[in-house]
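Biologist: I've got a model open and a pile of labels I'd like to see justified. Can we go through them one at a time?

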Amino acid sequence: MSITITSAANERMRHFLAATPAAAGVRFGVKRTGCSGFAYVVDLAESMDEGDRVVEVDGLPLIVDDKSLALVDGTVIDFQRQGLNASFVFHNPNATGACGCGESFTVS
């Protein structure tokens, strides 16, 4: 399992964790949605669920569920600001397509 987090994404995730010290880590995975099939999930994990795995990336605990593991393996997570907008950006080698709005992706 390999996930890379850029320094900007690491800083942003640590900011969220610092504001919620009881959190188990940052949840990263996918959910079925959108016109292409999958969308990324990045959220604080209040606790560990059955089937969760902890992936330490530069000392940051990422919690990934078993169903998402194969779909996010190799992903680079970045955090970018463009004008007033700021968001996580994902570079996933497993994604074979994306919808026009960029909200969801396909894996063949």
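**Putting the labels to the test**

Modeller: Let's start with a loop glycine: apart from neighbours within four places in sequence, Gly74 is in contact with Ser2, His91 and Pro93. Keep in mind that this is a predicted model.

Biologist: What makes those count as contacts of Gly74?

Modeller: The cut-off is heavy atoms within 4.5 Å, and Ser2, His91 and Pro93 are in contact with Gly74 on that basis. There's a link across the chain too: Gly74 and Ile3 are 71 residues apart along the chain, yet their C-alpha atoms are separated by 5.2 Å. Gly74 itself is found in the loop between helix 2 and strand 6.

Biologist: Why is Gly74 called partly exposed?

Modeller: Its relative accessible area is 29%. Buried needs under 20% and exposed needs over 50%, so Gly74 at 29% falls in between and gets the label partly exposed.

Biologist: And what makes Arg81 exposed?

Modeller: Arg81 has a relative accessible area of 59%. Exposed means over 50%, so Arg81 qualifies. Arg81 lies in strand 6, residues 76–82. Leaving out neighbours within four places, Arg81 is in contact with Arg12 and Ala86. Its C-alpha is also 9.8 Å from that of Ala8, 73 residues apart in sequence.

Biologist: Why is Ala19 given the label exposed?

Modeller: The relative accessible area of Ala19 is 61%, and the bar is over 50%, so the label holds. Ala19 is found in helix 1, residues 7–19. For a distance to check, the C-alpha atoms of Ala19 and Val54 are separated by 20 Å, with their positions 35 residues apart along the chain.

Biologist: How do you know that the length of helix 1 agrees with what it should span?

Modeller: Helix 1 has 13 residues, and at 1.5 Å a residue they should span 18 Å. The end C-alpha atoms are 19 Å apart, which agrees.

Biologist: What makes you say that the buried residues of helix 1 line one face?

Modeller: The buried residues of helix 1 are Ala9, Asn10, Met13 and Leu17. Seen down the helix axis, they fall within an arc of 100 degrees, so they line one face. The general reason is that an α-helix has 3.6 residues a turn, so residues three or four places apart point the same way. The face turned away from that buried side carries the exposed residues Ser7, Glu11, Ala18 and Ala19.

Biologist: And what does helix 1 lie across?

Modeller: Helix 1 lies across strand 1, strand 6 and strand 7, and runs at about 85 degrees to strand 6.

Biologist: Why are strand 1 and strand 7 called edges?

Modeller: They belong to an open sheet of 3 strands with the order 1-6-7 and mixed pairing. Strand 1 and strand 7 each have a single partner strand, so one side of each is left without a neighbour in the sheet.

Biologist: How do you know that strand 1 and strand 6 pair?

Modeller: Pairing takes at least two bridges. There are 2 bridges joining strand 1 to strand 6, so the pair passes, and the two run parallel. Thr4 stands opposite Val76 in strand 6.

Biologist: What makes strand 2 a partner of both strand 3 and strand 5?

Modeller: Again the requirement is at least two bridges. Strand 2 is joined to strand 3 by 9 bridges, running antiparallel, and to strand 5 by 2 bridges, running parallel. Arg27 shows both sides: it stands opposite Asp43 in strand 3, and its bridge partner in strand 5 is Ile63. Val26 stands opposite Leu62 in strand 5.

Biologist: Why is strand 5 called mostly covered?

Modeller: Of its 6 residues, 5 are buried. Strand 5 is also joined to strand 4 by 6 bridges, antiparallel, with Arg53 opposite Val64. Strand 4 and strand 5 form a hairpin with 2 residues between them, and Asp58 in the turn has a positive phi of about 55 degrees.

Biologist: Which residues touch the most other members of the largest nonpolar core?

Modeller: Of its 23 residues, those are Ile3, Ile5, Met13, Phe28, Val30, Leu62 and Ile77. Elements giving two or more residues to this core include helix 1, strand 2 and helix 2. Beyond neighbours within four places, the contacts of Ile77 include Ile3, Ile5, Met13, Phe28 and Leu62.

How values were computed. Residues are numbered from 1 along each chain as its sequence is written. This is a predicted model: local features need pLDDT of at least 70, side-chain atom pairs count only at pLDDT 80 or more; totals for chains, interfaces and linings use all residues. Side-chain values use heavy atoms; hydrogens and water are left out. Helices (H or I, at least four residues) and strands (E, at least two) are DSSP runs, numbered from the N terminus. Buried means under 20% relative accessible area, exposed over 50%, partly exposed in between (1.4 Å probe, protein chains only). The expected span of a helix is 1.5 Å times one less than its number of residues. The arc is that of the directions from the helix axis to the C-beta atoms. A nonpolar core is a set of buried Ala, Val, Leu, Ile, Met, Phe, Trp, Tyr and Cys residues joined through side-chain atoms within 4.5 Å. Axes are lines fitted to C-alpha atoms, for helices over the stretch in contact, and angles run from 0 to 180 degrees between N-to-C directions.
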